[in-house]
Amino acid sequence: MFVEVALDLPIDQTFYYRVPKVVSYLPEVGKRVIVPFGKNDLLKTGIILSIKDSIDYSPEKVKEIFDIPDNFPLFAEKTLELTKWISNYYCASIGETLFAFLPSGFVVSESFYIKLSNREISVNLTESEEKIVEILKSASGRLKLSSLRRKVKVSSFYQAIKNLIYKGIIVREEFIKTDLIPKEEFVVLKRLEKVRGKKEKELLQYLETLKKAKLSDLKRYGFTRQTVNKLVSKGLVEIIEEKTTIANKPQELIEKKEIELTPSQKRAFEEILEAKTKKFLLYGVTGSGKMEVYLKTAFEFVKRGRSVLILVPELLLTPELRARVESYFGSNIGIYHGKLSQKEKVSTWLKAVKGETKVFIGTRGAVMLPIKDLGLIIVDEEQDSSYKEQQKPYYHAREVAIKRSELDNFPIVLVSATPSVETYYRVKKKEIRKLELKERVSNVPLPYIKVVNLQKSKRFSIFSEELLKTLENTVKKGEQVFLFINRRGFFSTSFCLSCGFIVECEDCCVPLTYHKQEKQLICHMCGKRYKPIYRCPKCNARLEFKGYGTERVEEELRILYPNFKIVRLDQDTIKNPSTGARIIKDIKEGKYDVIVGTQIASKGHNFPKLTLVGVLMADLLGGAPDYMASERIFQTIVHTTGRAGRFKPGAAIVQTFNPELPAIKWAVEYKFNSFYEEELVARKLLNYPPFTKGVLVEFQLEKISSFQKIEKEFGKLKETLSSFFSIPDISPAPLPKVSGKYRFISFFRAVDERKLLSGIKILKKEFLNRFKGIRYKIEVDPVRIV
DNA sequence: AGCACGCCGACT
DNA sequence: GTCGGCGTGCTC
């Protein structure tokens, strides 16, 4: 018997191995295998793609599997199909794709131990086997496989190892608990004794009453592993591993908090259950109760024996949200996100395999969880760009989720107040059914949004008079103000600080970027170059390329209002999770008057006392100068202003130089459909997605001089690929130099998915041939172009 | 991706 | 004379 195996390599090739008579478990598609690979036969982890009786490969070159360590597949057969789609569409190998999703806790290589067992050697050993035993004895019975091999140096090393394991003379230390029930570390009290350390004393006191506590719980109460270890070394406590009870409990189905639905919520809920169509967009403003609808729907699916996966953007997976979901489903839910430890990820992955946990909530990587009986996927805040993986295989979790629901034929619900233009377009094409929640659940009206035209202020300052006046009044009333600025929002765009004029490309309607070295304005969509303009064509003021970040806003505010309690909430101040949590707690408790913050502050948290939101420079919310800038401005304005007055009426002030920009105009008037329609017209006119499929190609060059070579090759490439894509010239990236590498980009467009897929195959091959030794990336459907 | 094999410059 | 640079070719 042979198996076809995918390995974590960037090549479109699978490998065949012979299955020996003795393996821990039988081969099965989707299971993990440990195989020797390459000249040195280093062990690698692979995934079984198929099982064959005969193969078309010279028999003497076929190697034997080292082991199949699990009795269950780590990828469901259907998700393997999904992987193939991802690998095709996003231009990565199958192996890379599989291993991008699989928690690395499952990946074993050379670093596990071989131990001598206690059994008497009663059978005859071959020469090689003898030698292995000898060397193990001299190393007090235990060695890493890698060092054992280095020392032994016999030809049939693995054969000998496998035989010795079979004969029971040596054992392999398990790489991962094949036991499906996750184990957890408990701290048990052994005896009491006077200790000197304050923390140690506290811990002993705590354990005196409980006798036994989960290590993870202790950590939550502020005890550290170090303290526990000290007590272990003193012999007062011990750490044991025990199966957790939670995973064995079947899904609790106590609807702890009865979800009452309003009539329009009920209509949406019922329509998903009827499932006449399979794809839905749950659409409604903040506070319209979208979450209640999807949680109730999820509950109903679990009641019918199906599992549910809820995907959320990175910043949304807060303890708050978790608590809310737990209040409906009990504690037996699977949590999965990038910041979990390897062990935790493995544990959730295994929960999915086992099928006793029915509700999973996670960020983009969770989309591949091998959930048993999966019957519904919910994608909350579907427009959020954190669903796009920014590494190979650059997949978009929303798209993968849609594909997964198609392959398994179950419903999917996208949820958003400000859907992506892509999704809106699909609704328009009737590929997705829109379920709209028109009114807010509470009677609190949406915040009144006032636009302040910065062009009309006499001289430029960060705060308009109107904003300052309202800010003072709000703080006097004892309420909070949130000033929003997106610091990452300025490249060297030619942006006039006195009238807000933005210099755009005449072909692409995208802001031009000023390049210092070349002293030129360059369009990052088509690469067209323009002579720089140093004076604003509208008001003749000098064009500046500077920006205004949170720090500067905070500083100026402190000078204006020395008595206000001001706090800054951005990547810098939130870096440390515990201080971040503290700041958020303090804000909720009303310890601050004004919060100056970036995107980070505007997501996932409800600040009850917040009644005024100020958007300082709405023009900059687009971030990168690409065709999606308008969409991002729109979404950001709606989201940030929506933070105001969740519990009592609030207001928002949007400062801008361009009040006529569609993204700003329609957002503040709450005329969302008008925005989408206008945006679609613009995209159609310029042939941008969703009317085409975009591929971002990027080169990272060590020396700028190699650009000539690349450009020449690129020219030839253009000819070969022009029947699949429209390809502009290669041009410097908006961020032309990052960590010493010179970046050049080109944005390819294919008319539809079919052209894209056939074009990508050739693209990949051509790149492999032409750009050897050059760092490049190929990203399909990029969410931003920087 | 990693790693080995292979053919040309500055050094004991 | 050799050590070592990284170009290219392979991995079941």
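**Figure 1. Glu 679 and Ser 630 meet through their side chains.** In this predicted model, the side chains of Glu 679 and Ser 630 are joined by a polar contact of 3.2 Å. A polar contact is a pair of N or O atoms within 3.5 Å; within protein, one must be able to donate a hydrogen and the other to accept it, and residues adjacent in sequence count only if both atoms are side-chain atoms. Look for Glu 679 in helix H21 (residues 672-686); helices (H or I, at least four residues) and strands (E, at least two) are DSSP runs, numbered from the N terminus. Is Glu 679 buried or exposed? At 9% relative accessibility, Glu 679 counts as buried, a word that means under 20% relative accessible area, while exposed means over 50% and partly exposed lies in between (1.4 Å probe, protein chains only). Leaving out residues up to four places away in sequence, Glu 679 touches Val 421, Tyr 627 and Ser 630, where contact means heavy atoms within 4.5 Å. From C-alpha to C-alpha, Glu 679 and Ala 663 are 8.5 Å apart in space, with their positions 16 residues apart in sequence.

A word on reading these figures: residues are numbered from 1 along each chain as its sequence is written, and chains are lettered from A and ligands numbered from 1 in the order in which they are written. This is a predicted model in which local features need pLDDT of at least 70, side-chain atom pairs count only at pLDDT 80 or more, and totals for chains, interfaces and linings use all residues, while side-chain values use heavy atoms and leave out hydrogens and water.

**Figure 2. Four cysteines gather at one spot.** The unreviewed UniProt entry places the feature "binding site" at Cys 505, Cys 508, Cys 523 and Cys 526; UniProt positions are given in the numbering used here, feature names are shortened, and annotations may be inferred rather than shown by experiment. These four span 22 residues in sequence, yet no two of their C-alpha atoms are more than 8.7 Å apart, so they gather at one spot. Cys 505 sits in the loop between strand S20 (480-484) and strand S21 (513-515), and Cys 523 in the loop between strand S22 (520-522) and strand S23 (529-530). Cys 505 is buried at 2% relative accessibility, and Cys 523 is buried at 0%. Beyond four places in sequence, the residues that Cys 505 touches include Cys 523 and Cys 526. With that same limit, Cys 523 has Lys 528 and Ser 731 among its contacts.

**Figure 3. A second set of cysteines clusters in space.** Here the unreviewed UniProt entry places "binding site" at Cys 496, Cys 499, Cys 536 and Cys 539. They are spread over 44 residues of sequence, but their largest C-alpha distance is 8.7 Å. Cys 499 lies in the loop between S20 and S21 and is buried at 6% relative accessibility. Cys 539 belongs to the loop between S23 and helix H16 (550-560) and is partly exposed, with a relative accessible area of 34%. Once neighbours within four places in sequence are set aside, Cys 539 is in contact with Cys 496, Ser 498 and Cys 499.

**Figure 4. Protein residues surround DNA strand C.** Among the residues around DNA strand C are Ile 11, Gln 13, Tyr 57 and Lys 61; a residue is near a strand if one of its heavy atoms lies within 4 Å of it. Sugar and phosphate make up 48% of the atoms of DNA strand C that come within 4 Å of the protein. Which strand gives the most to the surface near DNA strand C? That is strand S2 (residues 15-18), with three residues. A backbone N or O atom of Tyr 16 is 2.8 Å from a base oxygen of DNA strand C. Side-chain N or O atoms lie 3.5 Å from a phosphate oxygen in the case of Tyr 17, and 2.3 Å from a phosphate oxygen in the case of Lys 63.

**Figure 5. Leu 9, Pro 10 and Asn 40 are the residues around DNA strand B.** Sugar and phosphate account for 50% of the atoms of DNA strand B that come within 4 Å of the protein. A polar side-chain atom of Asn 40 lies 3.1 Å from a phosphate oxygen of this strand.
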